[in-house]
Each structure stands twice: as C-alpha cells, then as structure tokens.
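Let's take a walk through this model together, one region at a time. Keep the viewer open so that you can rotate along as you read.

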Amino acid sequence: MSHSEKDLINYTNERLANWYKSVKTNYGVDGTATAEIKGNEFIVNYVEDGVEAAWSSCYYVEYLKDLDIGYYFENWSVLS
C-alpha cells in the first residue's frame with residue numbers, strides 16, 4: 001500500500017493528538033506533538049508537561065510503498 005507524505009504526516013499528527021488527549025485523561029500529562037519530514041528524517045517534536053523533546057528516524061520516500069502508515073507513530077510511541 002502506498003501513501004503520500006501528506007497522508008503520512010496527517011495520519012501521524014492525528015494519532016499524536018489522540019495520544020495526548022488520552023494521556024491527559026488517564027495520567028494528567030499535558031502534551032502536544034507534531035510530525036514533519038526534513039530531508040531523509042522523520043521527526044516528531046513533542047512537549048510533555050513543559051519539557052520539549054524530539055524523536056527522529058530515517059525516512060526515504062521509497063518507504064511509503066512498503067511501510068504501514070502507522071509505522072512512525074508506533075515507533076515514536078515505543079521509543080520516545
């Protein structure tokens with residue numbers, strides 16, 4: 001399945017927004033996050049309770065053909 005970069009960013013940003021709604025409700029953590037692609041890097045910039053951080057992973061447009069659209073969100077949620 002192939003997706004566009006715009007689809008990937010929109011999907012990831014929606015999942016990030018839902019993630020932070022859930023952690024606010026369940027754990028009282030205030031947070032926000034946004035995803036972006038810069039060159040060959042997929043980046044999630046996030047803030048949790050006022051602490052800024054970033055997570056990144058390699059990105060190549062060819063990945064859009066083979067990876068599930070949730071790949072970067074799932075990795076961020078486990079590794080950040």
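What we have here is a predicted model. A good place to begin is helix H3, at its outward-looking residues: Val78 and Leu79 are exposed. Now turn to the other side of H3. Within this helix, which spans residues 71-79, you will find Tyr72, Phe73 and Trp76 buried. These three cover an arc of only 100° around the axis, which places them on the same side of H3. And what do the buried residues of H3 pack against? Their partners are helix H1 (5-27), strand S2 (41-48), strand S3 (51-58) and helix H2 (63-66).

From here, let us move to helix H1, where Thr12 lies. Is Thr12 buried or exposed? Its relative accessibility is 1%, so Thr12 counts as buried, the cut-off being under 20%. The side chain of Thr12 reaches the backbone oxygen of Leu8 at a distance of 2.8 Å. Leaving aside residues up to four places away in sequence, Thr12 touches Ala35, Phe42 and Phe73. The last of these brings us back to H3, where Phe73 is one of the buried residues.

Next, the rings. How many aromatic pairs does the structure hold? There are 9 aromatic pairs. One of them joins Tyr59 and Tyr72 in a tilted arrangement, 6.2 Å centre to centre with 55° between the planes. Tyr59 sits in the loop between S3 and H2 while Tyr72 belongs to helix H3, so this pair ties together parts that are 13 residues apart in sequence. Both partners are hidden from the probe by the usual cut-off: Tyr59 counts as buried at 1% relative accessibility, and Tyr72 counts as buried at 2%. Compare the pair formed by Tyr60 and Tyr63: the ring centres are 5.5 Å apart and the planes are at 80°, so this pair is edge-to-face. Here the accessibility values are 34% for Tyr60, which therefore counts as partly exposed, and 30% for Tyr63, which is likewise partly exposed.

Ring pairs also build a cluster, linking Trp19, Tyr20, Tyr46, Phe73 and Trp76. Two of these names should be familiar by now, since Phe73 and Trp76 are among the buried residues of H3.

Let us look for empty space next. The structure holds 1 cavity of 30 Å³ or more, and the largest cavity has a volume of about 60 Å³. Which residues line the largest cavity? The lining consists of His3, Leu8, Tyr59, Tyr63, Leu64, Leu67, Asp68, Ile69, Tyr71 and Tyr72. H2 and H3 each supply at least two residues of this lining. Several earlier characters return here: Tyr59 and Tyr72 line the cavity and also form the tilted pair, while Leu8, another lining residue, offers its backbone oxygen to the side chain of Thr12.

A last stop is the loop between S2 and S3, where Asp49 is found. Asp49 is not a glycine, yet its phi is positive, at about 50°. With a relative accessible area of 48%, Asp49 is partly exposed.

Note on methods: Residues are numbered from 1 along each chain as its sequence is written. This is a predicted model: local features need pLDDT of at least 70, side-chain atom pairs count only at pLDDT 80 or more; totals for chains, interfaces and linings use all residues. Side-chain values use heavy atoms; hydrogens and water are left out. Buried means under 20% relative accessible area, exposed over 50%, partly exposed in between (1.4 Å probe, protein chains only). Helices (H or I, at least four residues) and strands (E, at least two) are DSSP runs, numbered from the N terminus. The arc is that of the directions from the helix axis to the C-beta atoms. Contact means heavy atoms within 4.5 Å. A polar contact is a pair of N or O atoms within 3.5 Å; within protein, one must be able to donate a hydrogen and the other to accept it, and residues adjacent in sequence count only if both atoms are side-chain atoms. Rings of Phe, Tyr and Trp (its six-membered ring) pair if their centres lie within 6.5 Å; planes under 30 degrees apart count as stacked, over 60 as edge-to-face and the rest as tilted. On a 1 Å grid over the protein atoms alone, a cavity is a set of points where a 1.4 Å probe fits but cannot get out, and a pocket is an open set with protein on both sides within 12 Å along at least five of seven lines; lining residues have an atom within 4 Å of a point. Grid points are joined across faces, edges and corners, and a volume is the space filled by probe spheres set on the points.
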